[in-house]
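Me: Could you take a close look at one part of this protein for me, the places where its helices pack together? I would enjoy a walk through it, residue by residue where that helps.

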Amino acid sequence: MEYAGLVQGEIEIVYFYFVGSSTVTLYLLHRYIGLAKVTAAQSIDARYRAIRIIAPYYPYLGFVFGSLSVYYLIQVGIDILPVILIPMVISGLYVIPLLPGGRRLRDISYVKIFLIALTWTWFSVWYLVGKIDTTLLSIITIEHLIFMIGITLPFDIRDMQIDTRDGVSTLATYLGVSKSISLTRLLLIVSYGLTLIILYLIGSSIWAYISYSFLLCGLLLMMRINYSKSRDVYITGVLDGLILLKGLIGWVYIVG
């Protein structure tokens, strides 16, 4: 929703409800399948022991949010499906083990962080194509990609043990914790710089610059955490929460 105001209401807010509900649905499925895999491998750690407690409720929650996703899609209009079909397929294959050998896209080395960034960026900017200046659209797209890679890399740090056990190489397993955190900081700073350019091009108020500056400081402070040992709820809640905060800042100072 960050830049929806730039197209003067040509994208309905219900589209973002669809993205939100379908994301929750996919996440529930991802956790359910992940739990089944670590259970079969007899490698359940503290994180998955916590997940196992609430896993019996996942099918019911999945039904609720899946139904909402279908409802919102119908409200938006299924004619948008051709536009978002590719990221939808990628998202599904990322979670569901339909590849040869029961593998998922996330089980392929070095691709999962980029697939996440690609799909999120696609869902976020496709409706801007042809509606705003090409230069502005290009900067927004690049900023989204860089931000999502930067904010997702800490999760790869958290998953290093699981990925190593499964034989999946990632940027985090290749670089190690220290260099991965340094790369995350660099990506977030570059994303922030591009955001300032975007704010300038669309004529945002000084409060937008100040708010994004505080957000960057918060994100950089988060990078001091040892992600391999921190509690999952803290990493997921705070980092994912800061993604939400970034969107809310954009919604207030760009859409509003």
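Reply: Happy to, and please keep in mind that this is a predicted model. Let's begin with α5 and α6, which are oblique to each other, because angles that are not under 35, over 145 or from 65 to 115 degrees count as oblique and theirs is about 140°. Their axes lie 8 Å apart, and the crossing is right-handed. By class, this contact brings together 13 nonpolar, five polar and two charged residues. On the α5 side you will find, among others, Ile113, Phe114, Leu118 and Trp120, and these α5 residues meet a set in α6 that includes Leu137, Ile140, His144, Met148 and Asp156.

Now move along to α9 (residues 177–201) and α10 (residues 206–222), which pack at about 175° with 11 Å between their axes. That angle is why the two are described as roughly antiparallel. From α9, the contact includes Arg185, Leu188, Tyr192, Thr195 and Leu199, while α10 offers Tyr209, Tyr212, Ser213, Leu216 and Leu219, among others. Sorted by class, twelve residues here are nonpolar, two polar and one charged.

There is also a cavity to look at. A search of the whole structure turns up one of 30 Å³ or more, and the largest cavity holds about 90 Å³ of space. Its lining takes at least two residues from each of α6, α9 and α10. Among the lining residues are Glu143, Phe147, Leu188, Tyr192, Thr195, Tyr212, Leu216, Leu219 and Lys246. By class, the lining counts seven nonpolar, two polar and two charged residues. Leu188, Tyr192 and Thr195 of α9 appear in the contact with α10 and also in this lining.

Key
Residues are numbered from 1 along each chain as its sequence is written. This is a predicted model: local features need pLDDT of at least 70, side-chain atom pairs count only at pLDDT 80 or more; totals for chains, interfaces and linings use all residues. Side-chain values use heavy atoms; hydrogens and water are left out. Axes are lines fitted to C-alpha atoms, for helices over the stretch in contact, and angles run from 0 to 180 degrees between N-to-C directions. Helices (H or I, at least four residues) and strands (E, at least two) are DSSP runs, numbered from the N terminus. A crossing is left-handed if the near helix is turned anticlockwise from the far one by less than a right angle, and right-handed if clockwise. Contact means heavy atoms within 4.5 Å. Ala, Val, Leu, Ile, Met, Phe, Trp, Tyr, Cys and Pro count as nonpolar, Asp, Glu, Lys and Arg as charged, and the others, Gly among them, as polar. On a 1 Å grid over the protein atoms alone, a cavity is a set of points where a 1.4 Å probe fits but cannot get out, and a pocket is an open set with protein on both sides within 12 Å along at least five of seven lines; lining residues have an atom within 4 Å of a point. Grid points are joined across faces, edges and corners, and a volume is the space filled by probe spheres set on the points.
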